[in-house]
Structures are given as structure tokens and as C-alpha cells.
Amino acid sequence: MPATPPAAAPGKLLPTPSQTVGPFYGYALPFAGGGDLAPAGHPGTVILHGHVHDGAGAPVPDALIEVWQPAPDGSRHGAPGSLRRDPVTGAVIGRRGLAFTGFGRVPTDADGHYTVTTLPPGGSPYLALVVFARGLTHHLHTRAYLHDAPGLDGDPLLARLPEERRATLLTTPEETGIHRFDIRLQYDGVHEETVFLDFA
């Protein structure tokens, strides 16, 4: 018999998940192949990876990163199929692996590291990222600007930021096609907090 949730005392309401500090992300949000936006074997793939750090500079091992981006041709509708479910069990079985959907979701590992394999966004020099992490009652929006993408000089957001803040949104080159993007949830005394965006 399933456990009955605890009842609140008369006149007192129990907190809901959005009012408590999780993490709850690992139970239902990740899905198979969530970080593989690019179809398997596609020759034009790029890798975006990095660590999520808290205000003390420590890695966050239970964060979740969502990626939203246009396809290489600039289209923004994507293909359906990121969150396919098994018709019998209802379990999420992930992508078919053949089409670009423009959406990904990946958890950080025990070292706070995440990896996404995708295609360069068309008509935009950045990937839009959404960060879910412990200590956050609401998710955070940011952007990972690919350091070698065309259009960086004309981007209105980057143009308005001072150099040290702008640097928090630019990927660091590693090898060809590999972009490093660390996300810092707060200033840790050495590193700037990543620029986060406010959406009304």
C-alpha cells in the first residue's frame, strides 16, 4: 500500500516542491540521449561541456541543464521526438537519433560536469541554456555564445556588457569543435557570476 503523504496541521499548509530546495530533477526530468541534440554520426557536430559551480566555487553534482537552439538552417520549429515515451510502459525512451530537435536536457555528474553534442545554431551565435540546481527555487536563463560563431560583434546583449561580464557568456576553445562553458551560480571571490537573464 503506498505511503500516505503527511497531513498539515489545521491552518498550516505544507510546502510544495517549488517552495522547497530539492533536488528533484534526477527523478523525472532527465531522459535517454538528452544531451545528444545532433543526429548520431553527423559530420558537423560541436560539443559544449563544462562544470556548474556554486558560490563557494564547488561543483554542483545535481544540477540540470536544458539547451534550446535553432537548427543550422536557422529554423526554430525543430523536429518532434526528444521526449518520446514507450507506448506500453510510458517510460521516456528518448530520441530516434535521426532528426535535430533543437532541445536537450542533461544532468551534471558527480563532478558537476555536463556534456551536450549538438549542431551549430543558424542565425544565432549562442545556445540558450536553462539551469536548474539545488538552492534555486526558480530556474535561471543564460546563453553560451560560441567563441567562433559569426555575429558576435553585432549581438546587442554582448555589446551592452562590460568586458569581464561579457566573458562569462563566451565559450572557451579547446579542440576543434569543442567548446568549454562553465556556469557559475554566484561570484566566488575569484570568478565572476555567469550573466543570467530575466524574462518577464
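Reader: How many residues of E2 are buried?
Author: Start with what this is: a predicted model. Strand E2 covers residues 64–68. It is mostly covered. Of its five residues, the number buried is four.

Reader: Take Leu64 in E2. Is it buried or exposed?
Author: Leu64 lies in strand E2. A residue is buried when its relative accessible area is under 20%. Leu64 has a relative accessibility of 1%, so it counts as buried.

Reader: How far apart in space are Leu64 and Val52, C-alpha to C-alpha?
Author: Along the sequence, twelve residues separate the two. Leu64 belongs to E2. In space, from C-alpha to C-alpha, the separation is 9.3 Å.

Reader: What is the order of the open sheet of four strands?
Author: Look at the pairings of E2. Five bridges join it to E3, and five join it to E5. E5 in turn is joined to E6 by six bridges. The pairing in this sheet is antiparallel, and the order is E3-E2-E5-E6.

Reader: Which are the edge strands?
Author: An edge strand here pairs on one side only. E2 is joined both to E3 and to E5. That leaves the two ends of the order E3-E2-E5-E6. The edge strands are E3 (103–107) and E6 (140–145).

Reader: What does the twist average from one strand to the next?
Author: Stay with the open sheet E3-E2-E5-E6. From one strand to the next, its twist averages 25°.
Strands of a sheet pair through backbone hydrogen bonds. For this sheet, the pairing is antiparallel, and the average twist is 25°.

Reader: In E3, which residue is the bridge partner of Trp68?
Author: E2 and E3 run antiparallel and share five bridges. E2 also has a bridge on its E5 side, where Val67 partners Leu129. On the E3 side, the partner of Trp68 is Phe103.

Reader: In E6, which residue is the bridge partner of Leu127?
Author: Leu127 falls within E5, residues 126–132. E5 and E6 run antiparallel, joined by six bridges. In E6, the partner of Leu127 is Ala144.

Reader: Now Arg143 in strand E6. Is it buried or exposed?
Author: Arg143 sits in E6, an edge strand that pairs on one side only. The cut-off for buried is under 20% relative accessible area. At 18% relative accessibility, Arg143 falls below that cut-off and therefore counts as buried.

Reader: How far apart in space are Arg143 and Tyr126?
Author: Arg143 is in E6. Tyr126 comes 17 residues away in sequence. The C-alpha to C-alpha distance is 6.1 Å.

Reader: Why is strand E1 largely enclosed by the rest of the structure?
Author: E1 covers residues 46–53. E1 is joined to E4 by six antiparallel bridges, to E8 by three parallel ones, and to E9 by two parallel ones. E1 is largely enclosed because, of its eight residues, the buried ones number seven.

Reader: In E9, which residue is the bridge partner of Val52?
Author: E1 has partners in several strands. Gly50 stands opposite Tyr114 in E4. His49 has Arg180 of E8 as its bridge partner. For Val52, the partner in E9 is Ile183.

Reader: Pro120 is in the loop between E4 and E5. What does it count as at 35% relative accessibility?
Author: Buried means under 20% and exposed means over 50%. Its C-alpha is 9.5 Å from that of Ile47, 73 residues away along the chain. At 35%, Pro120 lies between the cut-offs, so it counts as partly exposed.

Reader: How do the residues lining the largest pocket divide?
Author: The largest pocket holds about 220 Å³ of space. Its lining includes Glu164, Leu170, Arg180, Asp182 and His191. By class, the lining divides into three nonpolar, four polar and five charged.

Reader: Which element has the lowest mean pLDDT?
Author: The protein averages a pLDDT of 86, and 86% of the residues score at least 70. Strand E9 has the highest mean, at 98. Where pLDDT is low, the predicted coordinates should not be read in detail. The lowest mean, 67, belongs to helix H1 (residues 25–28).

Terms used:
Residues numbered from 1 in each chain as written. Predicted model: local features only at pLDDT ≥ 70, side-chain atom pairs only at ≥ 80, totals over all residues. Heavy atoms only, no water. pLDDT = per-residue confidence, 0-100. Pairing = 2+ DSSP bridges. Axes fitted to C-alpha atoms, helices over the stretch in contact; angles between N-to-C directions. 1 Å grid on protein atoms, 1.4 Å probe; cavity = no way out; pocket = protein on both sides within 12 Å on 5 of 7 lines; lining within 4 Å. Points joined across faces, edges and corners; volume = space filled by probe spheres on them. Nonpolar A, V, L, I, M, F, W, Y, C, P; charged D, E, K, R; others polar. Buried < 20%, exposed > 50% of the residue type's maximum accessible area, 1.4 Å probe, protein only.
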